[in-house]
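Reader: I should like a close look at how one pair of helices packs in this structure, followed by an account of the principal pocket. Please treat the matter in one connected answer.

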Amino acid sequence: MKVYHTFDAFYNEDSEILILGSMPSRKSRELGFYYMHPQNRFWHIFSVVFNEEISSSIDSKKEFLTKHKIALWDVIYSCDIEGSSDSSIKNIEVNDIKWLLDRTKIKKIFTLGKKSYELYNKYCLKDTGIEAICLYSTSPANCKITTKEMIENYQVIYNGK
């Protein structure tokens with residue numbers, strides 16, 4: 001099924017870090033913000049790594065991101081996808097990541113999972129010139145990685161600030 005990224009990148013001109021996923025999950029597209037599936041570990045991981053409470057409200061999430069100069073977006077603008085499965089992605093149209101970099105102070109890019117890393121390197125790196133660091137996917141489908149391992153993996157964001 002052909003799907004489109006239905007909400008904008010989250011950023012402001014002071015953003016210094018960009019975190020890229022592949023394509024928002026069905027639940028995130030439905031709710032209009034990033035990592036909104038209740039079983040996705042993204043917000044929990046960031047809460048632990050930054051030692052800061054992040055409530056379930058989208059406004060709270062936006063305040064957290066703004067405070068820490070973090071931008072969120074996805075590599076993919078549109079694609080054919082079954083449900084939220086990265087492995088089913090085909091017929092990709094990518095977002096213009098360079099456009100976002102030109103409007104911010106972003107100097108570090110992190111990708112969530114192998115698919116977004118692969119797609120960023122294939123379609124975006126030549127335009128951005130910034131090597132991305134691949135982090136573990138926080139998707140509920142990534143159950144091989146423990147939360148403890150994930151927290152350790154994500155420390156690179158906090159330590160790099």
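Author:
**Helix packing and the largest pocket**

In this predicted model, helix 2 (residues 42-49) packs with helix 7 (residues 147-159) at an angle of about 65 degrees, and their axes are 9 Å apart. The crossing of these two helices is right-handed. On the side of helix 2, the contact is made by His44, Ile45, Phe46, Val48 and Val49; helix 7 contributes Thr147, Met150, Ile151, Tyr154, Gln155, Ile157 and Tyr158. By class, the residues of this contact comprise 9 nonpolar and 3 polar, with no charged residue among them. Two packed helices are described in general by the angle between their axes and by the distance between those axes.

The largest pocket holds about 800 Å³ of space. Its lining consists of 33 residues, of which Asp86, Ser137, Ser139, Ala141 and Asn142 are the closest to the centre. Helix 5 (114-123) supplies at least two residues of this lining, as does strand 7 (132-135). The lining of the largest pocket divides into 13 nonpolar, 15 polar and 5 charged residues. In the contact of helix 2 with helix 7, by comparison, there are no charged residues.

A further residue may be described separately. Asp127 lies in helix 6 (residues 125-128). Asp127 counts as partly exposed because its relative accessibility is 46%, and the partly exposed class lies between the limits of 20% and 50%. Asp127 and Trp99 are 28 residues apart in sequence, and their C-alpha atoms are 9.7 Å apart in space.

Notes:
Residues are numbered from 1 along each chain as its sequence is written. This is a predicted model: local features need pLDDT of at least 70, side-chain atom pairs count only at pLDDT 80 or more; totals for chains, interfaces and linings use all residues. Side-chain values use heavy atoms; hydrogens and water are left out. Axes are lines fitted to C-alpha atoms, for helices over the stretch in contact, and angles run from 0 to 180 degrees between N-to-C directions. Helices (H or I, at least four residues) and strands (E, at least two) are DSSP runs, numbered from the N terminus. A crossing is left-handed if the near helix is turned anticlockwise from the far one by less than a right angle, and right-handed if clockwise. Contact means heavy atoms within 4.5 Å. Ala, Val, Leu, Ile, Met, Phe, Trp, Tyr, Cys and Pro count as nonpolar, Asp, Glu, Lys and Arg as charged, and the others, Gly among them, as polar. Buried means under 20% relative accessible area, exposed over 50%, partly exposed in between (1.4 Å probe, protein chains only). On a 1 Å grid over the protein atoms alone, a cavity is a set of points where a 1.4 Å probe fits but cannot get out, and a pocket is an open set with protein on both sides within 12 Å along at least five of seven lines; lining residues have an atom within 4 Å of a point. Grid points are joined across faces, edges and corners, and a volume is the space filled by probe spheres set on the points.
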